[in-house]
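Here's a quick tour for anyone opening this structure for the first time. Have the sequence and the 3D view side by side as you read.

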Amino acid sequence: MIPSETEFAQAVVLLTAGELVAFPTETVYGLGADASNADAVAKIFAAKGRPADHPLIVHLPADDWVEHWAQSIPDPAWELMESFWPGPLTLILKKQPWVPDLITGGQQTVGLRVPGHPVALELLRRFAQRNAQGGIAAPSANRFGRVSPTTAAHVRAELGEQLMVLEGGACAVGIESTIVDCSRQEPVILRPGHIAPAHLAEVLGFAPEIETAEGAPRVSGSLPAHYAPNTPMRLLRPGELDALSPSVGTALLAHSPALAARAAHWPAGRIKLLPAEPVAYAHNLYAALRALDKSGAEIILVELTPDAPAWSAVNDRLRRALAGSN
Ligand code: TXA
Ligand code: MG
């Protein structure tokens, strides 16, 4: 499962030449480019169909590269790095003046992360030996607005066979990193993830606020024109399941065995029963959405998940998928 010596070497040659390489991280697969090469970074935006004002996360081999990219780093940020890197945490910090606008979306801050996957770390270490800045910019390796890939096969299905994809198995976490903005007076969570507010509180002494740009939860109703996956999704209404005929082409994303059992007579492949525990649910979520997307259903119904802090990362991703944004 670990790429060969030759594959790592080839990946570094491609990155150094300004080409793209997809690689596994513990969260999701990333679509990587030399973060100090604007032409290479531009290829990420083109491959994803992503608007150029969306900032990218720069992946580093270790925290001793951080001051090369960021300045005025506050103590809480160092403490978070110490506790959670390598791992599924991205820190937003004040950028060094040289960091390209294409990386930061023209902002004065940069997102940095040392990922916890051995293949990502090996790639980053080897790349940094050949590149003075040592950063690989990598968004999730999916088309813009679609479900993030958690296997190498997902990446190939999204972005084509031409792209080099380093193999690293299924991502352990399965949803994108927690993003904490440390460029402000007080740290704020911009994207909930596997590292929950309670984990951050153990280090910071308080749980940061969650401040996502997504707005209020979308309960049901009409969907915008684009959403991830391709098949429309909406929340299952109470009592709705019993009234549904299996012939109407519905799929179900459930976490209650009793609910899934009531849809057991539906066509094969139309039901995904995820674990009723948020970490395991997150690990399986994107693969389940991809599978249901391919099931031929016209709509994916989602069982409402608990409105509890431990579910905040899952609820955030479901809300985005339901709203059709990314
Ligand atoms: O787990 C992850 O973070 C994955 C893996 C590949 O590392 N990457 C990922 O990248 O999810 P992407 O591009 O799909 O999401 C990056 C997020 C975006 O929501 C972006 O707005 C935010 O990070 N971001 C990056 N730089 C930022 C900055 N300077 N200020 C605010 N948000 C930033
Ligand atoms: Mg993404």
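What follows is a short lead, then bullet points grouped by topic.

Keep in mind that this is a predicted model. The domain assignment splits the chain into domain 1 (5-204) and domain 2 (233-324). Nine strands form an open sheet with mixed pairing, and a few helices and loops are worth a stop along the way.

**The sheet**

- Reading across the sheet, the strands come in the order S7-S1-S2-S6-S3-S5-S4-S8-S9. S7 and S9 (188-191) are the edge strands, each pairing on one side only.
- S8 (residues 178-181) runs parallel to S4 (residues 89-94), and four bridges join the two. Two of the matched pairs are Leu-91 with Val-180 and Ile-92 with Asp-181.
- On to S9: S8 pairs with this strand in the antiparallel sense, over three bridges. Here Asp-181 has Val-188 as its bridge partner.
- To get from S8 to S9, the chain makes a hairpin through six residues.
- S8 is covered on both faces. Thr-178 and Val-180 are buried on one side, while Ile-179 and Asp-181 are buried on the other.

**Helix H1**

- H1 covers residues 5-16, which makes 12 residues. From first C-alpha to last it reaches 17 Å, close to the 16 Å expected at 1.5 Å a residue.
- Which residues of H1 are buried? They are Phe-8, Ala-11, Val-12 and Leu-15. Looking down the axis of H1, the buried residues fall within an arc of 95°, so they line one face of the helix.
- That spacing fits a general rule: an α-helix has 3.6 residues a turn, so residues three or four places apart point the same way.
- The cover over the buried residues of H1 includes strands S1 (21-23), S2 (30-34), S6 (136-137) and S7 (164-165), along with helix H6 (118-130).
- Just after H1 comes Gly-18, with a positive phi of about 85°.

**Helix H7**

- H7 (residues 152-159) has its own buried set: Ala-152, His-154, Val-155 and Glu-158. Seen down the axis of H7, they fall within an arc of 155°, so they line one face of the helix.
- These buried residues pack against S1, S7 and helix H11 (278-293).
- Just past the end of H7, Gly-160 takes a positive phi of about 100°.

**Backbone oddities**

- As background, most residues other than glycine have a negative phi, and most peptide bonds are trans.
- Ser-72 isn't a glycine, yet has a positive phi of about 50°. You'll find Ser-72 in the loop between helix H3 (66-69) and H4.
- Is Ser-72 buried or exposed? Ser-72 counts as exposed, because its relative accessibility is 59% and the cut-off for exposed is over 50%.
- The peptide bond from Trp-85 to Pro-86 is cis, with omega near -10°. Pro-86 is in the loop between helix H4 (75-84) and S4.

**Where the two domains meet**

- The C-alpha centres of domain 1 and domain 2 are 29 Å apart. The contact takes 20 residues from domain 1 and 13 residues from domain 2.
- How much area is buried between domain 1 and domain 2? The figure is about 1,300 Å², and carbon and sulfur atoms give 57% of that.
- Over in domain 1, Val-147, Ile-175 and Pro-192 lose the most area to domain 2. Together they make up 38% of what that side buries.

**Two residues to look up**

- Arg-317 is in helix H12 (residues 312-323). Arg-317 counts as buried because its relative accessibility is 4%, and the cut-off for buried is under 20%.
- Leaving aside residues up to four places away in sequence, Arg-317 touches Ile-175, Glu-176, Ser-177, Arg-191, Pro-192, Gly-193, Leu-285 and Tyr-286.
- Ala-258 is in helix H10 (residues 257-262). Ala-258 is exposed, with a relative accessible area of 58%.
- From Ala-258 to Tyr-29 is 229 residues in sequence and 33 Å in space, C-alpha to C-alpha.

Methods
Residues numbered from 1 in each chain as written. Chains lettered and ligands numbered in written order. Predicted model: local features only at pLDDT ≥ 70, side-chain atom pairs only at ≥ 80, totals over all residues. Heavy atoms only, no water. Expected span 1.5 Å × (residues − 1). Buried < 20%, exposed > 50% of the residue type's maximum accessible area, 1.4 Å probe, protein only. Arc of directions from axis to C-beta. Contact = heavy atoms within 4.5 Å. Pairing = 2+ DSSP bridges. Domains from an automatic or database assignment. Buried area = accessible area lost by both parts, 1.4 Å probe.
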